[in-house]
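Please read the account that follows with the model open beside the sequence. It moves from the whole chain to its sheets, then to its cores, its disulfide and two polar residues.

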Amino acid sequence: TRNTILKSYFVGEVVGKNYVGGLVGFDTTYVYSKNVTNIISKSFSAGPVTGKSFVGGLLGGNTYHSEKGGRVNSEIDSAYHYEGEVLGDGENIGGIAGYTFGKISNSYVVSSVKGMNNVGGIAGSVGADVSNSFFIGDSVIGIYQIGGLVGIANGKVDSSYSTANVKGDDNVGGLIGSSYGNISYSYATGNVIGDVDNSSAGNDNLGGLVGYAYKGSISKSLATGDVSGTTKLGGLVGRFDGTSISQSYAQGNVTGSYYGDPSDEVGNFYIGGLVGYGKGSISEIYVSGSVKGIEDGPVYTGCIIGYVNGSMEITDSYFDSEKCNLAFEGKTGIATISNSPAQTTDAMQSSSTYGNWDFIDTWRIIGESYPRLSWFAGSLAEVVVKTASREDFVYDGNEKMPAVNSVTLYETALDEGTDYTIS
């Protein structure tokens, strides 16, 4: 049985308390010895959505009850929300869904999202997979488990991204706050900022891509934003308890600081260019940003990993020694590494440095730059479009588009009227 909301929309403001959605507030299903799939597809909402908990641009939240072998699946596909902030002062706040036990695919949000706990650009909490979805907005703000795309991701996240700046206290990531599944072909470009105003003991677990990866792997993914806070800070992951990180990179600067009065200050430790605090294996990664703390020197700070919790094997991995002048690990002698990781900027921008890397199918260097993943370099993610000022525009009911002054890709200006192929 399929229950479907198809090609539906709502334009306007929605205000409530709990389970508030731009299209659906609360969806519950009871099944007895049968399978049911609930689908929201090709639908959208536009306008602000405000509530307390379980607040979403389309769906506030859903749940189900089954007996005698019955099963319920939930899908949100090809949905979007725009032109209106999603705001809550409780938990489970998201641009598409506050909470869903199902999966989200081919969906996006152009907005800002703000809440307290479990806050994400697409969803506050997702029980299944997220794929081919993105968030474009100014910010995602909360306190605990805050992500540019998803606050809590219980399934896989694939081919998705966020461009938002993300601010929170604990488990804060440019893409995901708390992750329990594999992450692949995904990226985040916004800065991740520790919020000391809403902290009781300093920030914990902040990462350019993921705040805290409880399990799973990360592959073919990246983060380019800066990360700042107090404890367990990583350019890619704040804390990593998963299995492996491979063919990924972090380009942002990671900066630690103290929290509290000088007499009882905490923080300024577990800071890493890739991972702040973690275990498992790392292969074929690089770090190109700075890594630093303040005052007399941070504790357990390294250009790749800040602190190894148990053991870690690192292979074919590198960092820019002109940006970070520390060792590759904060506590020496714990991690093992198969190569000489410290390289100059010039060497980092030469494919000959990366002996075992595949620069045909997996990696690419364009001009004088650090390596890019081929799938990312082949996208339009790094296009910069500059337009004329809209200051003198007067709205008269007709669509107006500002003139395009320039288009730049990989720091190269593109000529008007010329066809280009990205491959």
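The paragraphs below begin with the conventions and the overall make-up of the chain.

This is a predicted model, in which local features need pLDDT of at least 70 and side-chain atom pairs count only at pLDDT 80 or more, while totals for chains, interfaces and linings use all residues. Residues are numbered from 1 along each chain as its sequence is written, and side-chain values use heavy atoms, with hydrogens and water left out.

The chain holds two helices and 57 strands, where helices (H or I, at least four residues) and strands (E, at least two) are DSSP runs numbered from the N terminus. Of its 423 residues, 51% count as buried, a term that stands for under 20% relative accessible area, with exposed meaning over 50% and partly exposed the range in between (1.4 Å probe, protein chains only). The accessible surface of the chain comes to about 18,300 Å², and 45% of that surface belongs to carbon and sulfur atoms; such areas come from the Shrake-Rupley method with a 1.4 Å probe, and for residues only the protein chains shown count as cover. Among the contacts in the chain with a separation of 6 or more, 74% are between residues 24 or more positions apart, contact meaning heavy atoms within 4.5 Å.

How, then, are the strands arranged? Two strands are taken to pair if DSSP finds at least two bridges between them. On that basis, an open sheet of 10 strands has the order β3-β8-β13-β18-β23-β28-β33-β38-β42-β47, with parallel pairing. Its edge strands, each of which pairs on one side only, are β3 (14-15) and β47 (291-292). At the β3 edge, two bridges link β3 in the parallel sense to strand β8 (residues 49-51), and Val14 has Val49 of β8 as its bridge partner.

Further parallel pairings can be followed through β35 (residues 210-213), which is joined to β30 (residues 176-179) over three bridges and to β40 (residues 237-240) by three bridges as well. Ala213 can be traced in both pairings, since this residue of β35 is the bridge partner of Ser179 and has Phe240 in β40 as its own bridge partner. Later in the chain, strand β46 (residues 275-287) runs parallel to strand β49 (residues 305-315), with seven bridges between them, and Tyr277 has Tyr307 in β49 as its partner. Strand β49 also pairs in the parallel sense with strand β51 (residues 336-337) over two bridges, where Glu313 stands opposite Thr336.

Several of these strands return in the nonpolar interior. A nonpolar core is here a set of buried Ala, Val, Leu, Ile, Met, Phe, Trp, Tyr and Cys residues joined through side-chain atoms within 4.5 Å. The largest such core has 68 residues, of which Leu209, Ile218, Leu236, Val237, Ile245, Leu274 and Ile282 touch the most other members. Two or more residues of this core come from each of β20 (123-126), β25 (150-153), β35, β40, β41 (244-250), β46 and β49. Another core, of 12 residues, lies apart from it and includes Tyr187, Leu222, Tyr370 and Leu373.

The count of disulfides comes to one, a disulfide being a pair of cysteine sulfur atoms within 2.5 Å. The bond is formed by Cys303 and Cys324, whose sulfur atoms are 1.9 Å apart, and both residues are buried. Because the torsion about the S-S bond is about -90°, the disulfide is left-handed. Cys303 lies in the loop between β48 (299-302) and β49, and Cys324 in the loop between β50 (318-320) and β51, so the pair ties together parts that are 21 residues apart in sequence.

Which partners surround the two polar residues? Asn38, in strand β6 (residues 35-41), is buried with a relative accessible area of 7%. Its side chain is joined to that of Asn3 by a polar contact of 3.0 Å, meaning a pair of N or O atoms within 3.5 Å, of which, within protein, one must be able to donate a hydrogen and the other to accept it, with residues adjacent in sequence counting only if both atoms are side-chain atoms. Leaving aside neighbours within four places in sequence, Asn38 is in contact with residues including Asp27, Thr29 and Val72.

Ser45, in strand β7 (residues 44-46), counts as buried at 2% relative accessibility. The side chain of Ser45 reaches the backbone oxygen of Gly57 at 2.5 Å and makes a polar contact of 2.7 Å with the side chain of His81.
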